[in-house]
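Open your viewer and get ready to click along. We'll start with one idea about the surface, then hop from stop to stop.

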Amino acid sequence: MTPGRIAAVLVVVAGILFGALGGEYSTTDWWTLRRQVQEEDSAIARLQVDVDSLGKLAKALETDPAVQEKVARESFGMLRPGEIEYRLESKKP
């Protein structure tokens with residue numbers, strides 16, 4: 001091989017390496033960004049499920065008397081007339 005041909009091959013190889021690994025936005029940077037986009041898409045999907053669940057709960061709290069009663073009993077300790085509340089406390093040593 002002639003020195004000019006070796007130089008041309010080295011320039012081509014250097015160009016390929018620079019295109020893959022160097023520069024402001026290299027291929028490895030692109031792969032990293034792609035992975036981050038996939039992770040963010042997954043996080044958005046999980047949050048959308050949470051938002052949907054909370055929306056259903058809010059609607060149930062506004063319209064469903066059974067859910068309203070359950071929340072009133074559990075959160076605020078409310079009782080119906082004639083009911084007696086029993087509390088069990090553990091004995092401290």
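Before selecting anything, here's a handy cut-off: a residue is called buried when its relative accessible area is under 20%, exposed when that area is over 50%, and partly exposed in between. Try it on I6, which has 40% relative accessibility and therefore counts as partly exposed. One thing to keep in mind as you click: this is a predicted model.

**Stop 1: the whole chain**

Zoom out and show the chain as a cartoon. How many helices and strands does the chain have? There are 3 helices and 0 strands, and reading along the sequence gives you the pattern α-α-α.

Now turn the chain around. Its C-alpha trace spans about 105 × 45 × 20 Å along the principal axes. The radius of gyration is 32 Å, while a compact globule of 93 residues would have one near 12 Å. Buried residues make up 4% of the 93 residues. Switch on the surface, too: the chain exposes about 8700 Å², and 63% of that comes from carbon and sulfur atoms.

**Stop 2: a nonpolar patch**

Go back to I6 and find the helix around it. I6 sits in helix α1, which covers residues 3–21. Next, select M1, I6, V9, L10, V13, L17 and L21 together and show their side chains. These residues make a nonpolar surface patch of about 710 Å².

**Stop 3: a pair within one helix**

Time for some charges. Side chains of opposite charge can pair when their charged atoms come close. The count for this model comes to 5 salt bridges, and we'll visit some of them.

Select R35 and E39. Their side chains meet in a salt bridge, at 3.1 Å from N to O. Where do R35 and E39 lie? Both are in helix α2 (residues 27–63), 4 residues apart, or about one turn of the helix. R35 has 42% relative accessibility, so R35 counts as partly exposed. E39 also has a relative accessible area of 42%, so E39 is partly exposed.

**Stop 4: a link from helix α3 to what follows**

Now select R80 and E69. R80 forms a salt bridge with E69, and their closest N and O atoms are 3.0 Å apart. Why does this pair tie together separate parts of the chain? E69 is in helix α3 (65–76) and R80 lies in the segment after that helix, so the salt bridge joins parts that are 11 residues apart in sequence. R80 is partly exposed because its relative accessible area is 47%, and E69, at 30%, counts as partly exposed as well.

**Stop 5: one more pair, then a network**

Move on to E85 and R87. The two side chains meet in a salt bridge of 3.1 Å, N to O. Buried, partly exposed or exposed: which word fits R87? R87 counts as exposed, because its relative accessibility is 65%. E85, at 40%, counts as partly exposed.

For the last click, select E69, R73, R80 and E83 together. Salt bridges that share partners join these residues into one network.

Finally, colour the whole chain by charge. The chain has 12 positive and 14 negative charges, and their mean positions are 5 Å apart.

Definitions and conventions: Residues are numbered from 1 along each chain as its sequence is written. This is a predicted model: local features need pLDDT of at least 70, side-chain atom pairs count only at pLDDT 80 or more; totals for chains, interfaces and linings use all residues. Side-chain values use heavy atoms; hydrogens and water are left out. Patches are made of residues with over 30% relative accessible area and no salt bridge: like charges are joined within 9 Å, nonpolar side chains (Val, Leu, Ile, Met, Phe, Trp, Tyr) within 5 Å. Accessible areas come from the Shrake-Rupley method with a 1.4 Å probe; for residues, only the protein chains shown count as cover. A salt bridge is a side-chain nitrogen of Lys or Arg within 4 Å of a carboxyl oxygen of Asp or Glu. Helices (H or I, at least four residues) and strands (E, at least two) are DSSP runs, numbered from the N terminus. Buried means under 20% relative accessible area, exposed over 50%, partly exposed in between (1.4 Å probe, protein chains only). The radius of gyration is taken over C-alpha atoms; the globule rule is 2.2 Å times the number of residues to the power 0.38. Lys and Arg count as positive and Asp and Glu as negative; His and the chain ends are not counted. The place of a charge is taken as NZ of Lys, CZ of Arg, CG of Asp or CD of Glu.
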